[in-house]
Amino acid sequence: MSEFTIERASPSAPEAAALIARHVALMASQSPEESCHVLDGSGLDSPDVAFFLLRQAGPAIGMGALKTLSGGALELKSMHTLVEARGTGAGRAMLEFLLDHARNQGASGIYLETGSTDDFLPARRLYETYGFAECGPFEGYAEDPWSTFMTLDLRGAA
């Protein structure tokens, strides 16, 4: 298996835009519109969002982003690996990279919102493996049966 490379990227770059479009379409197919909190390219192309692409031997196969929240915390956004690259460790590599980036930025913690249905079970299990625990809604989110909210306290985490 080739090593992964992860780099900051512009969400408006053609390769990123294509990956984002696939992610948005998948999320829209798995949740009702009012419960779909995915950011499109314009939402990811914001000064308060750091957007990254993951590559393995060439083209981008995954992405992830961190959005600045109040109180020194960050929100994990747009974690996505192309379906044809799932099972390669790409999601795990991106999550580890984003956690390291958050720690290096001095973030107090990371929050995320993901789906509550079985479609999102692999993602929830991955987050739990890294110490994320369920929590209540945060920063503008509301209770929603389609959403699972999770957090990881980085102040004491290694």
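This is a dialogue on reading helix 4, the nonpolar cores and the charged residues of a predicted model.

Trainee: Which residues of helix 4 are buried?

Mentor: Start with the general idea. An α-helix has 3.6 residues a turn, so residues three or four places apart point the same way. In helix 4, which spans residues 121-129, the buried residues are Arg-124, Leu-126 and Tyr-127. They cover an arc of only 160° around the axis, which puts them on the same side of helix 4.

Trainee: Which residues are exposed on the other side of helix 4?

Mentor: Pro-122, Arg-125 and Thr-129 are exposed there.

Trainee: What do the buried residues of helix 4 pack against?

Mentor: They pack against three strands and a helix: strand 4 (73-81), strand 5 (109-115), strand 7 (147-153) and helix 3 (90-104). Look also at Gly-131, just after helix 4, where phi is positive, at about 100°.

Trainee: Which members of the largest nonpolar core touch the most other members?

Mentor: That core has 26 residues, and those touching the most other members are Leu-76, Met-79, Leu-95, Ile-110, Tyr-127 and Phe-132. At least two residues of the core come from each of strand 2 (49-56), strand 3 (60-68), strand 4, helix 3, strand 5, helix 4 and strand 7. Helix 3 gives the most, with 7 residues.

Trainee: Which residues is Ile-110 in contact with, leaving aside its neighbours within four places in sequence?

Mentor: The contacts of Ile-110 include Leu-66, Leu-74, Leu-76, Leu-98, Leu-99 and Ala-102. Phe-132, Met-150, Thr-151, Leu-152 and Leu-154 are also among them. Apart from this core there is a second, separate one of 11 residues, with Val-49, Met-63, Ala-65 and Leu-82 among its members.

Trainee: Now for charge. How far from Glu-113 is the nearest side chain of opposite charge?

Mentor: The cut-off for a salt bridge is 4 Å between a side-chain nitrogen of Lys or Arg and a carboxyl oxygen of Asp or Glu. Glu-113 lies in strand 5. The nearest side chain of opposite charge, Lys-77, is 5.5 Å away, and Glu-113 is buried yet has no salt bridge. The side chain of Glu-113 does make a polar contact of 2.8 Å with the side chain of Ser-147.

Trainee: How many salt bridges does a search of the whole structure find?

Mentor: The search finds 6. One of them joins Glu-7 and Arg-55, whose closest N and O atoms are 3.2 Å apart. Glu-7 lies in strand 1 (residues 4-8) and Arg-55 in strand 2, so the pair ties together parts that are 48 residues apart in sequence. Glu-7 is partly exposed, at 39% relative accessibility, whereas Arg-55 is buried, with a relative accessible area of 18%. A network of salt bridges links Glu-7, Glu-15 and Arg-55.

Trainee: Where are Asp-100 and Arg-103 in relation to each other?

Mentor: Both are in helix 3, 3 residues apart, and this separates them by about one helical turn. Their side chains meet in a salt bridge of 3.7 Å, N to O. Asp-100 is partly exposed, with a relative accessible area of 43%, and Arg-103 is partly exposed too, at 27%.

Trainee: Is Arg-155 buried or exposed?

Mentor: Arg-155 is exposed, with a relative accessible area of 67%. Its side chain meets that of Asp-153 in a salt bridge of 3.0 Å, N to O. Asp-153 counts as partly exposed, at 40% relative accessibility.

Technical notes. Residues are numbered from 1 along each chain as its sequence is written. This is a predicted model: local features need pLDDT of at least 70, side-chain atom pairs count only at pLDDT 80 or more; totals for chains, interfaces and linings use all residues. Side-chain values use heavy atoms; hydrogens and water are left out. Buried means under 20% relative accessible area, exposed over 50%, partly exposed in between (1.4 Å probe, protein chains only). Helices (H or I, at least four residues) and strands (E, at least two) are DSSP runs, numbered from the N terminus. The arc is that of the directions from the helix axis to the C-beta atoms. Contact means heavy atoms within 4.5 Å. A nonpolar core is a set of buried Ala, Val, Leu, Ile, Met, Phe, Trp, Tyr and Cys residues joined through side-chain atoms within 4.5 Å. Lys and Arg count as positive and Asp and Glu as negative; His and the chain ends are not counted. A polar contact is a pair of N or O atoms within 3.5 Å; within protein, one must be able to donate a hydrogen and the other to accept it, and residues adjacent in sequence count only if both atoms are side-chain atoms.
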